[in-house]
Protein chains: 4
Amino acid sequence: MGLKTFDDYSNRLRKLSRNLYIAGDRVDRTDERLAGQLRIIKETYDRGNDPEWQDLCTTTSHLTGEKISRFTHIHQSTDDLLKKQLMTKLLCHRVGGCIMRCMGIDGMNALSVVTYEMDQVLGTDTNKNFLSYLRHWQDNDICANCAQTDTKGDRLKRPHEQADPDLYLRIVESRPDGIVVRGAKIDNTTAPVSDEIIAIPTRFMTEKDHDYAVAFAVPADLEGIKMLTRPAYHHRSKYLQAPISEMGDAESFTIFDDVFVPRERVFLDGKADPRQTPFAGFLALLFAHYHRHSYTGCKPAVSEVLASAAALVAEYSGIEKEDHVRDKLSHLIGTAELVFAAGQMSAYRAERSTSGTFIPDEILTNAGRRLAGEEIYNEYKIVADLAGGLCATMPFEEEFFSEETGDLANKYLMRNSRISSENQHRCFRGIEGLIVSELAGVTQVAGLHGGGSPQMETITMMSRYDLEGLKSIAKYLFGIEKDLPKYERSTVTPRKMLERYKKLAGGH
Amino acid sequence: MGLKTFDDYSNRLRKLSRNLYIAGDRVDRTDERLAGQLRIIKETYDRGNDPEWQDLCTTTSHLTGEKISRFTHIHQSTDDLLKKQLMTKLLCHRVGGCIMRCMGIDGMNALSVVTYEMDQVLGTDTNKNFLSYLRHWQDNDICANCAQTDTKGDRLKRPHEQADPDLYLRIVESRPDGIVVRGAKIDNTTAPVSDEIIAIPTRFMTEKDHDYAVAFAVPADLEGIKMLTRPAYHHRSKYLQAPISEMGDAESFTIFDDVFVPRERVFLDGKADPRQTPFAGFLALLFAHYHRHSYTGCKPAVSEVLASAAALVAEYSGIEKEDHVRDKLSHLIGTAELVFAAGQMSAYRAERSTSGTFIPDEILTNAGRRLAGEEIYNEYKIVADLAGGLCATMPFEEEFFSEETGDLANKYLMRNSRISSENQHRCFRGIEGLIVSELAGVTQVAGLHGGGSPQMETITMMSRYDLEGLKSIAKYLFGIEKDLPKYERSTVTPRKMLERYKKLAGGH
Amino acid sequence: MGLKTFDDYSNRLRKLSRNLYIAGDRVDRTDERLAGQLRIIKETYDRGNDPEWQDLCTTTSHLTGEKISRFTHIHQSTDDLLKKQLMTKLLCHRVGGCIMRCMGIDGMNALSVVTYEMDQVLGTDTNKNFLSYLRHWQDNDICANCAQTDTKGDRLKRPHEQADPDLYLRIVESRPDGIVVRGAKIDNTTAPVSDEIIAIPTRFMTEKDHDYAVAFAVPADLEGIKMLTRPAYHHRSKYLQAPISEMGDAESFTIFDDVFVPRERVFLDGKADPRQTPFAGFLALLFAHYHRHSYTGCKPAVSEVLASAAALVAEYSGIEKEDHVRDKLSHLIGTAELVFAAGQMSAYRAERSTSGTFIPDEILTNAGRRLAGEEIYNEYKIVADLAGGLCATMPFEEEFFSEETGDLANKYLMRNSRISSENQHRCFRGIEGLIVSELAGVTQVAGLHGGGSPQMETITMMSRYDLEGLKSIAKYLFGIEKDLPKYERSTVTPRKMLERYKKLAGGH
Amino acid sequence: MGLKTFDDYSNRLRKLSRNLYIAGDRVDRTDERLAGQLRIIKETYDRGNDPEWQDLCTTTSHLTGEKISRFTHIHQSTDDLLKKQLMTKLLCHRVGGCIMRCMGIDGMNALSVVTYEMDQVLGTDTNKNFLSYLRHWQDNDICANCAQTDTKGDRLKRPHEQADPDLYLRIVESRPDGIVVRGAKIDNTTAPVSDEIIAIPTRFMTEKDHDYAVAFAVPADLEGIKMLTRPAYHHRSKYLQAPISEMGDAESFTIFDDVFVPRERVFLDGKADPRQTPFAGFLALLFAHYHRHSYTGCKPAVSEVLASAAALVAEYSGIEKEDHVRDKLSHLIGTAELVFAAGQMSAYRAERSTSGTFIPDEILTNAGRRLAGEEIYNEYKIVADLAGGLCATMPFEEEFFSEETGDLANKYLMRNSRISSENQHRCFRGIEGLIVSELAGVTQVAGLHGGGSPQMETITMMSRYDLEGLKSIAKYLFGIEKDLPKYERSTVTPRKMLERYKKLAGGH
């Protein structure tokens, strides 16, 4: 069976070569600055092996019929999408933020569709490579990063127009046995503790960008890969052990310094076969889509974590029943509800692609993800509002435990005489970590940009939306057209997108 | 079979006595100032008899097995709720706003639950009365208003505390054969063209408010009922016939001047049986809930009508591809998508009550309705922004058709040479009606207050939400509690609400 | 002395020829559909002759030393700008909205600068014409419209690129004794009751647009001028006479059908002298600037009128002390305060141009006007929220005064027993007019677009702001530059703008 | 003369006893964790001694006629208020945030009014004590904290109702020679590096709270004072020295453990003289008012620092001219402009109190401060939006300077080939510090709560605003009142507030 334990995974990581760089040190995966992120990943393996969570965190492989982690599964149904979303939310509750393993499986789902569809159109056989790679994933409960964002240089220039041709990841050589790639990918969450790195394009590629139409998967320590690693933490605790203070993030600025990728791990190669170039954009969009759908699970969790903290501190301060407090809490809750519902309905409206993989509704997924992104900073504001200034000015923990100042510090922290001073301390300490730490800053930025900023979701929504159909309502009401067909918005479905790419591909 | 035509309905209306008052006149239902609202109601009967729409607009009665209008149906399944919501949206597209028949059937659904539940608890048999009344509805394809909002006098006083005891509708006499009621209900959309008026309480009633715990249904022209009627229109057209200019609203300020209601039409009577008093609040809330769920259908339609007009005028002005235009359109679209999805998911999460009637998710329905209410004025702002000042300063239609000024007016209106000047005229004329007419003002207010203002939805959300469960997340993360149960928000379901009311009722 | 009475003005209007068109009729200024707008204009003359208001509404002409209306004055000081702004606000309070005479004097102030500056640069002598025209204004207390907005056809094309060359007002012939102009101007508030029409360009003009670089002033009934007139009202009262119900707006879609303008009334003529073309943009911008500064007076008045109504209905409903009510009122008040303060500080920071005319701070004026525009729809939402649905569903006035329904209607309207039912009726009737009438729709659109939409203010702000200076802060803090000069934002002042135009003009 | 250098000040600090506690250590003011805050304070002394800044940063004492730092001055005119506000803004630019010395002088200005007014009413002579203390300030260029916020325990209980009577700072003994105080004050910015601590009440005190009506000033190391100190930093740099990375904050949770305050340093003593109790609220409000006015200087600076960084990164990424970028920048700029203008106009409208001290307009100051608070989180969102995800995922500095990865890191950071890679690095490193560091979190919270949260400003605005006067507008327009007095909003000025306190005081 494919389900592995955290120990299995840790043992694998330990064997990876030392290609991480943190603050001037070249380190391996046992560096203690990665402990926070490993603590989060641990949750995914532990719950997968926890009988109470198996209905949610495990499923049956459509390839092998074996029990596997849901983090290695290709969505075969609406129910799969619903469970992925719910699992994401519930696990995020337990770690107080990002669960770190979505992007890998989101990339795999996108590849499952695009490799299949491309084969159908071009007669290539990349899907075979993909399926064999998927088998490896499911057998080993792989943890991976999907590296999409190129460094991109001048934002208004296409890849081939950049002063330095390497500012987008590119194929410098394509040989029968594989490709050599050069470039860098950034914002690679989880990469420092991943078994594998999947690389895919960041945008649509034109006919002059064939070298940049590239997708592949490789072990995280393959020769030539260098990860400049950036960890971030909530404040770590010395006395008040608590889950929140154990969690951490690590991001990688990943350099591919002429890395050779064997052919069976290549999923897109526009340099060797320019007909594949149009599929770069399809893959970029489809990964973003799955990843935004995952955000309809994790972002409501973040809203609920913040709402939970806000409700707790309001209780401890005795203001829980005040009108303005309930109003503010209800906005955190309302955003969580609407975003989660958008993801659920996107699953209910999902379409089965010809590859068998289910694809959720794009417009609604994007509308939901966008609302989450628009609200993220406001959500922090609400927590800060209800917590008061103390969350930013708290003395350090030591002052609460020292002989000289401990009693005084605890005495003056008391608000609610029914709650122990320790728990009141824990509450403020926890909120300090949630909203005034470096990781808080990272979570804010991730809440805005992760999976694409609100601006990107607007672009996606508007490029999929059937605006002409929409106009038919006004045309009818204003007497410009005689009748109104039973109007329900239709969208450019993956199938229609495929048609577009076929046409583009047909041009070669 | 129960399905009727617009003619059947009109014939019934024509027979009602003259108890409407408009601008000093006592009139019957043929008064031409009601034509706009009748035009909207016509859409509901016509589509019900239109083969293309029957899947949506008709269904099978669970009472009789006969084909009936969905506007007379008690929801027996999630699918019923989904279809009601979709029907509402699609019909609203066709009339450019409110479809006018929701509140009646929303009231009936609430009664189907509350009469049943009350009978279970108290051993009364009001549900029998209700079912017999429902039969009348389904057999005749009844059009009704559900009158909820009392005039309420001083907002901070309970009904029995008011200077004038009639400021909430009350039972002045309860006799074996029926009750005599006095008071007034306001904001009664559709009442002027309704067959029947259903009256229900507007709030929770205390032990001192027994006389105000009252619900019943009566013919709209029953002796003692006086409807002070307020019609409103978009601008009406002389030359450019168009659906938008035919539609109208009519509201009633309905006075019950000692009206006798026969016992078989009484569904709640706290005066005769004070044990029934707690069910007043249950009924008030449940009607509001069904009505807010209906808003998840009609409000997305309003957003889409506005988006449609905005997209059309943007095309005609040549600015459709501008970034800021697409951004603004996407906000109209996004709101429509999120609100509609909230209603759909509320249906998917619906619970079957013991009466058999399905009840959608309350928190999500309220979150969706609230978003719609919060956005309504902003949506008008976006249309005005894209249409430009002309929509508020347009010369009258006559100037475009007169010999002296017609050619000049048409010449200078031209923006897009591929569109006829008439259609450009129609576009601006239509938008003028949509956003700068008296009915536009009514629609704004209705979009805010209809079914309850955002403030009411916040109160409902917060009174249903399991805040203690939510806090368990922070308690776990901050180390205050050892573990976190698999947290999914639970709510005070109708069943739990019933328990509350049972306890309250048990006090007598 | 220059100060005139409303009678003087009315007598002048009565003599104008019949070139207004309303709903198919050709009418003169005595048409009763213009009575509402005249009622507003009356306020400006009456207060000018009211001893209590003379400090504000009158001043001394810098041309003649005589006492004149401030509505005919060229700003000679910061104090003039402050008084203009305050006068605007206080008069708007009295009419419940737009005071109708700003745009004329705003256009005159812009002309006072641009004609002078152009003469300095080009050696022309248009300022002489302007001063002689100003003398006419001041001697007669002229009421004028400044017509700026062209119909503009395809928004993405320049004037000379349009399919029909007349879609921007243009000079079809330039002769020594004058020019012949053709085209149309729209959104011309007050034009139907104006003595004079001033026409100025709507945008910057390129070298191919010389014919469109035109500015002039003419009597409102000059041969060839046709005004397609659009009046709008709050609801008019039959029983409850009140200022609100007397007020009205009238807008003109003004057609210049080959109108001959004598040379002494021409202020810009790019056809005869292409060197003047760059000053078209300067004039367009400067008028917009003065007009936006006027909006910092009128829009706070609108916010305060709405706040006033909201506070009154809150008192009558007994909810005045509720937290959420005070919060909502405070937002109306806060917006009024900030916008008015922006206008005042713009006056304090004003610069004297070489012509002697004072020009307020552009960035701040635009920031203030923009905030007002962004908030306008939200302000209506707040009033609707506090007033409740009744403001949109009120029975007509007649129902409150008829024998059959009057007592009942008044009985059920009662909320606050310390207030007479008539006053409660007046309050709701007034709010109905303010927010659910056709004029309410017009005021919403005017609040957004008048003087330029928020988008236009953003463009202006960003084109004036010294962004490089701003960046010096980050460059210093980030160590990119060694020191930070004492940074205060500087802007492209009128003087700097003039330099630009000089350079442009120098190209010929 | 009173102006001192940073060295003078440092020498004083060095002599203070070790009563700071940081992370378990008892330390003095030389602890390196305070270096960041000292770096900021240094700016205030350096600029005070910098000839180019003397017009702004120094002035003439009204007590002695000597040249003093503006940070020790009592405002004698509108110009003083304007200069204080401008100085605050310009110095904040130089340190990238809070300038740390406002609260001291804000407290002194409040005391200058309240001690004087109280003496007038009660015949006490506290103002003499104050003036002598002020002399000490001006002679020594004192740096002080004004400690206002009590720990407050249960928010819904008054001081005397708390379970522990010490949860608000109180007088435990009042003797002829002085008072003994016990309690704690929190959120005390600058306190760790202050010469002096001024303590004032946090709220209005009732007749049962006499012991809590206390104000005084003491040396920061007086026996019994313990400061639990919390420093915070942007990220500190190893290679890229830059002002931003040198700056830091330090907050104190200050415990008064039975501290004896000599009588000449006591400014309010409700225990000895209960007639003084009403002045506690007056003092609390007046300090908040001066401090909010200071925020109209510092918050625009924060907005401009953020705007500056956003504009710089937009330039470096090549997107500076994009519409959406300019729109976002303009919102940062617009907020800065409006808030600063609100503060300036509050100065122009300031009133001279009988003590001679000028008091700015309260409603406008609060409206300005509130806008700043409402926008602060949104401002961070805009910077994050324009900077992209990299600001949260940047590799550490060392990776850019190591032999192994430096060249690669710098190569892939390149966006704009006209800018050196070091400067691009500096830009992202700076933004990382500004928005994703612990100090960023502190600045967010301070931007919301400092001087009082938006909620507090709303309360202040609404308690000062003349709502009855405002209603007169609607009453006139709606025909409820016959005429409208020339309405300008009037407020409860300090003089009127004093009348209130006199009445309250008269009760004893």
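This report walks through how the chains of a predicted model meet one another, and then looks at one of the sheets in chain D.

## Where chains A and B meet

A good place to start is the contact between chain B and chain A. Here 78 residues of chain B are in contact with 78 residues of chain A. Together the two chains bury about 6500 Å² between them, and 65% of that area lies on carbon and sulfur atoms. Three residues are worth finding on your screen: Leu477(B), Phe478(B) and Lys486(B) supply 12% of the area that chain B buries against chain A, more than any other three residues.

Charged and polar pairs also cross this interface. The rule finds 10 salt bridges between chain B and chain A. To see a salt bridge between these chains, look for Asp483(A) and Arg94(B), whose side chains meet with an N to O distance of 3.3 Å. Chain B and chain A also share 29 residue pairs in polar contact, with both residues at pLDDT 80 or more. Which helix gives the largest share of the side of chain B that touches chain A? That is helix α9 of chain B, residues 323-348, which contributes 15 residues. Sorted by class, this side of chain B has 42 nonpolar, 15 polar and 21 charged residues.

## Where chains B and C meet

Now turn to chain C and chain B. In this pair, 79 residues of chain C are in contact with 79 residues of chain B. The area buried between chain C and chain B is about 6500 Å², with 62% of it on carbon and sulfur atoms.

Across the interface of chain C and chain B there are 8 salt bridges. In a salt bridge between these chains, the side chain of Asp164(C) meets that of Lys411(B) at 3.0 Å, N to O. The rule also finds 37 residue pairs in polar contact between chain C and chain B, both residues being at pLDDT 80 or more. On the side of chain C that touches chain B, the residues divide into 33 nonpolar, 21 polar and 25 charged.

## Salt bridges and chains that stay apart

Over all chains, the structure holds 193 salt bridges. Among them is a pair formed by the side chains of Asp164(A) and Lys411(D), 3.0 Å apart from N to O. Why does this pair join two chains? Asp164(A) lies in the loop between β5 (144-147) and β6 (170-175) of chain A, while Lys411(D) lies in helix α13 (residues 406-413) of chain D, so the pair joins two chains.

Some chains do not touch. No contact joins chain A and chain C, and their closest C-alpha atoms lie 7 Å apart. Chain B and chain D do not touch either, with their nearest C-alpha atoms 8 Å apart.

## A sheet in chain D

Let us finish inside chain D. Six strands there form an open sheet, in the order β2-β1-β10-β11-β7-β6, and the pairing is mixed. The edge strands of this sheet are β2 (25-27) and β6 (170-175) of chain D, each of which pairs on one side only. From one strand to the next, the twist averages 25 degrees.

Strands of a sheet pair through backbone hydrogen bonds, either parallel or antiparallel. What is the sense of the pairing between β6(D) and strand β7 of chain D? The two pair in the antiparallel sense over 5 bridges, with β7 covering residues 178-189 of chain D. To trace one of the bridges, start at Arg170(D), whose bridge partner in β7(D) is Arg182(D).

Notes
Residues numbered from 1 in each chain as written. Chains lettered and ligands numbered in written order. Predicted model: local features only at pLDDT ≥ 70, side-chain atom pairs only at ≥ 80, totals over all residues. Heavy atoms only, no water. Contact = heavy atoms within 4.5 Å. Buried area = accessible area lost by both parts, 1.4 Å probe. Salt bridge = Lys/Arg side-chain N within 4 Å of Asp/Glu carboxyl O. Polar contact = N/O pair within 3.5 Å; in protein donor to acceptor, adjacent residues only side chain to side chain. Helix = DSSP H or I, 4+ residues; strand = E, 2+ residues; numbered from the N terminus. Nonpolar A, V, L, I, M, F, W, Y, C, P; charged D, E, K, R; others polar. Pairing = 2+ DSSP bridges. Axes fitted to C-alpha atoms, helices over the stretch in contact; angles between N-to-C directions.
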